[in-house]
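Please look over the sequence and the model shown below before reading on. The paragraphs that follow begin with one side chain and its surroundings, and then widen to the chain as a whole.

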Amino acid sequence: MKKGFICVAVATLMFSSMEVMLKFIVGELNVIQLSLIRFTLGGIFLLPMALNTLKKRGEHLERKDLAYLALLGFVGVTVSMPVYQLAVFYAGASTVSVLYSCNPIFTAVLAVFMLGEPMRKNHVGALVLQLLGSLIIINPFHTKIDSTGLALILAATFLFSLYGVMGKRKCARFGGVVVTCVGFLFGSVFLLLIILLTRIPAAAALLTRVGLGSFANIPMFAGLTLSNLPCVLYVSLGVAGVGFCAYFLAMEYLSASEASLVYFFKPALAPFLAWLVHGELIPVNMVVGIVCILIGALVSTLPGILETRKQQKES
């Protein structure tokens, strides 16, 4: 369990810094182009470790396993990540980061139906506190959050929760590194196909005609410069490679709901980083919401930690 929480800490640090780094390159790269670069580099970065893990475990990926991981990559990379990055462009980095932390709510529900994980009383209490904190942050009666941005955040959150629960199914057998790497590479192939389709003149004309001109003729390398390369490498190797790998490694030691604690702790760190780096203000309602979410994190984790310590003393 200790190793699992270390992985949660690493993933939290990486994920909390993502929106802050993306803000530096807003508008410089197409969101699908950036996703392709991020997850291709992230997958290649993890490939040697993934092959070594398969060798150590004496496992090999059969056709049905590859099909499952291809679907995983499609959900988590091809669809979820571009939607997430669009949300960052429509809303502030801190707002997106905090609301994206509703992830455990979706994860807990999906884990019950897809993995058979129990829903304990403390988990319900934690989710209620997180939902309350999120509502305080959104402030639905006086919200200033762009409605498009809000819809994109919620959609990305659900898709990432589904991605995490689906990945958990294969982590026990193949390991978090393999699940992350192969999912990334398949997701990147799908993104490449989408980009190539948008470069077909008829498809580009149709996208432009229906008001989706930003998705027509998507470039693959245009926009990359020496000035934005450090940010691109950070969100590729750091956030995608190290962060996602740590997230799925956590699932080897913890339940899907416990691994999603990344999104309980992220709201406290991400707004601070956004303020420190970009000078984004942290309004009072966001502070109150963050406090509710952090209390929810304690409600979720403390009983399990105390129970583990009790069992260790008894043994």
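A useful place to enter this predicted model is Phe-244, which, once residues up to four places away in sequence are set aside, touches Phe-15, Arg-38, Phe-39, Met-81, Phe-160, Tyr-163, Thr-180, Phe-184 and Val-239. Phe-244 also belongs to the largest nonpolar core, a set of 74 residues in which Phe-15, Phe-160, Tyr-163, Phe-244 and Tyr-247 are the members that touch the most others. Helix α11, which spans residues 229–253, gives the most to this core, contributing 12 residues. As background, nonpolar side chains in soluble globular proteins tend to be buried together.

From there the reader may turn to two further residues, Thr-53 and Leu-61. Thr-53 lies in helix α3, which covers residues 31–57, and, apart from its neighbours within four places in sequence, Thr-53 is in contact with Phe-174, Val-177 and Val-178. Is Thr-53 buried or exposed? Its relative accessible area is 17%, and because buried means under 20%, Thr-53 counts as buried.

Leu-61, by contrast, is found in the loop that runs between α3 and α4, the latter comprising residues 63–90. With a relative accessibility of 22%, Leu-61 counts as partly exposed, because this value falls between the 20% limit for buried residues and the 50% limit for exposed ones. Leaving out neighbours within four places in sequence, the contacts of Leu-61 are Leu-54, Leu-66, Leu-69, Phe-174, Val-178 and Val-182. One of these partners, Phe-174, is 113 residues away from Leu-61 in sequence, yet their C-alpha atoms are 8.6 Å apart in space. Phe-174 and Val-178 thus appear among the contacts of Thr-53 and also among those of Leu-61.

Seen as a whole, the chain contains 14 helices and zero strands, so that reading from the N terminus one meets α elements throughout. Among contacts with a separation of 6 or more, 87% join residues 24 or more positions apart. Of the 315 residues in the chain, 50% count as buried, while the accessible surface comes to about 14400 Å², with 71% of that area belonging to carbon and sulfur atoms.

Finally, the confidence of the prediction should be kept in view. The mean pLDDT of the chain is 82, and 88% of its residues reach 70 or more. Confidence is lowest in helix α5, residues 93–99, where the mean is 64, and highest in helix α9, residues 176–198, where the mean is 93.

Conventions. Residues are numbered from 1 along each chain as its sequence is written. This is a predicted model: local features need pLDDT of at least 70, side-chain atom pairs count only at pLDDT 80 or more; totals for chains, interfaces and linings use all residues. Side-chain values use heavy atoms; hydrogens and water are left out. A nonpolar core is a set of buried Ala, Val, Leu, Ile, Met, Phe, Trp, Tyr and Cys residues joined through side-chain atoms within 4.5 Å. Buried means under 20% relative accessible area, exposed over 50%, partly exposed in between (1.4 Å probe, protein chains only). Helices (H or I, at least four residues) and strands (E, at least two) are DSSP runs, numbered from the N terminus. Contact means heavy atoms within 4.5 Å. Accessible areas come from the Shrake-Rupley method with a 1.4 Å probe; for residues, only the protein chains shown count as cover. pLDDT is the predictor's confidence in each residue, from 0 to 100.
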